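Here is a quick tour for anyone meeting this protein model for the first time. Have a look at the structure, then read on.

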Amino acid sequence: SLTLSHLPNVISFCNTCCALEPPFLENVHGNDERASSEEERNTRLAPLINGFQFPNLKHIAIMGCNKMRCLFSPSTSKSLVHLMDLEICSCGDIEEIVSLEEDTTKTVFHNLQHLKLENLPKLKAFCKGSHDFEFPLLHEVFLKNCHVMEIFSCGSSYTPKLDKVTMEIGNVSKNIWMGDLNATMPLCKGMVSQQTLERSRFIEQDHHHLLYYLRSETELFVEDSEKLLHCVPLNMFHRFQHIKQLKVRECGSIVEIFESKGLNADGDEGCYTKTLYNYNMQELHLYDLPKLMHIWRESHGGILSFRNLRKLKIGCCDGLKSVLSPSIARGLRQLQEFSVHECEELEKIISDEEEKIYAESINNVKIIAFPSLKWLTLYRLRRLECFCSSAYHFELPSCHDIIIKECPKIEACCKGMTKTSQN
């Protein structure tokens, strides 16, 4: 086994001049500073392990070697016929694992079973060259925080035993497989884009594999972003309709979950044509979003429907003044569990907005019904005054558990009547 750990300045496994006589070394490294500097630059560009043969190595772990640009030369990688585990972590400058050489057409890792690449912010590919790779026994690939990796290699990769790649960005982990390594790698960048870009319009690139991934995924987790403003951009509403579970947490910059404004085709700010979007979402969890002002708004270019939503949980979203509009609330026919806690500025659950088009009335009485709601929890909402300040009548025929705790300003649920299973 070979382990190189926390060597921040290492640039070569062995200097190519190490076999020369000491006087020559003194001339090279002592008398000509420019030659020495140029040699160091060339050494940095060369693989860390260049030309050495390790036919008996089974385990390699490289960690904290920040000046390394590349690990193996092709000749070295070809000698690793017994290598079973390859782990590379926290190497800040590495851009590829196997270096590009024109005279190499194929490299076979006969016994490699486990490949782990973690915290490699500049890694672009396993190899940027066009030669092919074969991994007949590889069955486990783990990538964590490899933000810019878009391709495995420019050639083909043969992995008959591999059926998934585990990708992890922050605390979000997914098992992904698009048929081969080259098709799967771009989704690593897609995952980080969903978390860290100022706007998640990266999907506008219409990358075939990324869009296929979005169509096939049913759960979406967004966490720990300080640049993302909207979780679902206006022009991508249709891409997220199949998502069943959406969790957004600890994002200090998000102001809206579903974007309400966008750019039209000419680049001017404006609204899109009104379109009805029926979401299959069953669970929505929002936590620790201090700048969140709106979850969904009526001024956006699409009408949103969440008729399958069963669980809605919101906590520590201090910018929210209200949670639901009347039209959104009316559509939550399947909602079973609704909890809101520790939102400092929250004044009401349902906004006061007037809805002449969607108003459902009986004898001029506006009604909002939650026919499936069983659990309602309002906790530590120090500015909450009421469920709704407008004269709506609420019907909660299935609700058997209502908890309102540490909400000092609340005096009445609403100005209208509230009908529960106990009435």
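Which residue in β22 does Glu283 stand opposite? Glu283 faces Lys311 in that strand.

Before going further, some ground rules. This is a predicted model, in which local features need pLDDT of at least 70, side-chain atom pairs count only at pLDDT 80 or more, and totals for chains, interfaces and linings use all residues. Residues are numbered from 1 along each chain as its sequence is written, and side-chain values use heavy atoms, with hydrogens and water left out.

**The sheet**

Back to those strands. Strands here are DSSP runs of E with at least two residues, numbered from the N terminus, and two of them pair if DSSP finds at least two bridges between them. Strand β20 (residues 283–287) and strand β22 (residues 311–315) share five bridges and pair in the parallel sense. Both belong to an open sheet of seven strands, running β13-β15-β20-β22-β23-β26-β28 with parallel pairing. At its edges stand β13 (219–223) and β28 (401–405); each has a single partner strand, so one side of each is left without a neighbour in the sheet. From one strand to the next, the twist averages 0°, taking axes as lines fitted to C-alpha atoms and angles from 0 to 180 degrees between N-to-C directions.

Edge strand β28 is home to Lys405. With 46% relative accessibility, Lys405 counts as partly exposed. (Buried means under 20% relative accessible area, exposed over 50%, and partly exposed in between, using a 1.4 Å probe and protein chains only.) Setting aside neighbours within four places in sequence, Lys405 is in contact with Leu378, Tyr379 and Arg380, where contact means heavy atoms within 4.5 Å. Lys405 also sits 9.9 Å from Arg382, C-alpha to C-alpha, with their positions 23 residues apart in sequence.

**Aromatic rings**

A pair of aromatic rings is described by the distance of the centres and the angle of the planes. Rings of Phe, Tyr and Trp (its six-membered ring) pair if their centres lie within 6.5 Å; planes under 30 degrees apart count as stacked, over 60 as edge-to-face and the rest as tilted. The whole structure holds 15 aromatic pairs. In one of them, Phe133 and Phe135 have ring centres 6.1 Å apart and planes at 15°, so the pair is stacked. Phe133 and Phe135 are both buried. These two also belong to a cluster that ring pairs build from Phe109, Phe126, Phe133, Phe135 and Phe152.

Phe258 and Trp296 make another stacked pair, 6.1 Å centre to centre with 25° between the planes. Phe258 lies in strand β16 (residues 256–258) and Trp296 in the loop between β20 and β21 (302–305), so the pair ties together parts that are 38 residues apart in sequence. Phe258 is buried at 0% relative accessibility, and Trp296 is buried at 4%.

**Salt bridges**

Side chains of opposite charge can pair when their charged atoms come close. A salt bridge here is a side-chain nitrogen of Lys or Arg within 4 Å of a carboxyl oxygen of Asp or Glu, and the whole structure has 13 of them. The table gives some of these.

| Salt bridge | N to O distance |
|---|---|
| Lys122 and Asp93 | 3.1 Å |
| Lys116 and Glu118 | 3.3 Å |
| Arg249 and Glu250 | 3.1 Å |

Lys122 lies in the loop between β7 (114–118) and β8 (132–134), and Asp93 in the loop between β4 (85–89) and β5 (96–98), so the pair ties together parts that are 29 residues apart in sequence. Lys122 is partly exposed at 40% relative accessible area, whereas Asp93 is buried at 17%.

Lys116 is partly exposed at 29%, while Glu118 is buried at 16%. Along with Glu87, Lys116 and Glu118 are linked in a network of salt bridges. As for Arg249, its relative accessible area of 34% makes it partly exposed, and Glu250 is partly exposed with 29%.

**Cysteines**

How many disulfides does a search of the whole structure find? The count is zero, with a disulfide taken as a pair of cysteine sulfur atoms within 2.5 Å. Why is Cys89 without a bond to Cys91? The sulfur of Cys91 is the closest cysteine sulfur to that of Cys89, but at 7.6 Å it is too far for a bond. Cys386 is in no disulfide either, and its nearest cysteine sulfur, that of Cys388, is 6.4 Å away. Cys89 is buried, with a relative accessible area of 7%, and Cys386 is buried at 10%.

Notes. Helix = DSSP H or I, 4+ residues; strand = E, 2+ residues; numbered from the N terminus.
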